[in-house]
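Dear colleague,

I am handing over the structure below, and after it you will find what I found on going through it. Please read it alongside the model itself.

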Amino acid sequence: MGTQDLQGFLFLLFLPLLQPRGASAGSLHSPGLSECFQVNGADYRGHQNHTGPRGAGRPCLFWDQTQQHSYSSASDPQGRWGLGAHNFCRNPDGDVQPWCYVAETEEGIYWRYCDIPTCHMPGYLGCFVDSGAPPALSGPSGTSTKLTVQVCLRFCRMKGYQLAGVEAGYACFCGSESDLARGRLAPATDCDQICFGHPGQLCGGDGRLGVYEVSVGSCQGNWTAPQGVIYSPDFPDEYGPDRNCSWALGPPGAALELTFRLFELADPRDRLELRDAASGSLLRAFDGARPPPPGPLRLGTAALLLTFRSDARGHAQGFALTYRGLQDAAEDPAAPEGSAQTPAAPLDGANVSCSPRPGAPQAAMGARVFSTVTAVSVLLLLLLGLLRPLRRRSCLLAPGKGSPALGPSRGPRRSWAVWYRQPRGVPLPCSPGDPQVEGSAAGYRPLSASSQSSLRSLISAL
């Protein structure tokens, strides 16, 4: 047994001993019922267009008709905040929950929060009434003027409890699932107090307790439920520096499917690795410069080990991923658009060889036609080269005269440049005297030096 195998075996052997006392790892509510994975619903892209659920409350105004306000479809041309020619609830300003503009009332109110039952991150159990006699959560409690959701979660996790509740913006309570059996749910909008330690989070309300599972944002865990959610450490707060966390995934089934709902790492030195738990072999690795592809990742392993490390300067929102076990490695062979099939071989720094897939005759035929056309073209060029001196015809094109067809040179050391569209459409200055480039490169910027080098290598290999 190799060193990596031994480390993986010891980790899986002792991982149950590392679990918080009383924690029910892998017990997060089904992620399929949630449309939000951020605590403030900034990622909500659903279709509720009233301030209340199922058509209740006031109707929302269309975002393309709110130019008189701070946020409209005109202020979000790239759709980064989800605004457009619709009237669905959104959270473009990082408020505590999604909202929308409404027809102004006599009191001067022109916007309201949206009560969206499906927009609560997995691990949030709801808003509960706390009458104080007895308390909704019967464990230890405390107060803090710097309270955030994760501060309370960490406190209750250290105390060995399953649940954490935040109240009135500054109070934290701990408890167990037996407390919820006698608890009474309150409307979601009753938990409307901003956390004293974070203006973008809600920490319960007056006599109202926002309850979470302590496994949210934990630095380790052993997940065996058929499906669930794994958050980066300290979530929903930003992860901190020098974090070294591991999670073991072993749901029932022969394979795994992961879907990243959020992914924001500070730089390439903050890294998330996916390894086969049995062999320790690296399956995939992502960092601040190499995010995961959109859509589900299917891994042909039944047990997975995730490790996350941040450097001394690490500080970002982190990630949220959903997982589910597949009974068969070939389940759902027709992957939905945008999904990515993941090979079981290491891809990080490895030489990957590709071979034609069986059952792709059209691609093979296309390659043969291309090779034939290329060979014929080369022969014709050679024949023309032999005929030119015999016919004593001069060249029609004088080398070095005129601008290259793809654009003039950008400097003495760089004979060509590649441009890509800048996502936010910020125009970049062009060198004077290049009207053609100024017209075509507006909204574009040059690739980085490393990308230019990689592209040159690719072109040289063709």
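Accessible areas here come from the Shrake-Rupley method with a 1.4 Å probe, and for residues only the protein chains shown count as cover. On that basis the protein exposes about 25700 Å², of which carbon and sulfur atoms supply 57%. This is a predicted model, in which local features need pLDDT of at least 70 and side-chain atom pairs count only at pLDDT 80 or more, whereas totals for chains, interfaces and linings use all residues. Residues are numbered from 1 along each chain as its sequence is written, and side-chain values use heavy atoms, with hydrogens and water left out.

Of the 462 residues, 39% count as buried, that is, under 20% relative accessible area with a 1.4 Å probe and protein chains only. The protein has 6 helices and 21 strands, taken as DSSP runs (H or I, at least four residues, for helices; E, at least two, for strands) and numbered from the N terminus.

The largest nonpolar core (buried Ala, Val, Leu, Ile, Met, Phe, Trp, Tyr and Cys residues joined through side-chain atoms within 4.5 Å) holds 26 residues, among which Met-121, Cys-152, Cys-156, Tyr-212 and Tyr-231 touch the most other members. Helix 2 (149-159) is one of the elements giving two or more residues to this core, and helix 2 gives the most, with 4 residues. Because domain 2 (124-216) and domain 3 (220-326) both contribute residues, this core lies between them; the domain bounds come from an automatic or database domain assignment. A second, separate core of 24 residues includes Ile-230, Trp-247, Leu-297 and Ala-316.

Best regards

Key. Buried means under 20% relative accessible area, exposed over 50%, partly exposed in between (1.4 Å probe, protein chains only).
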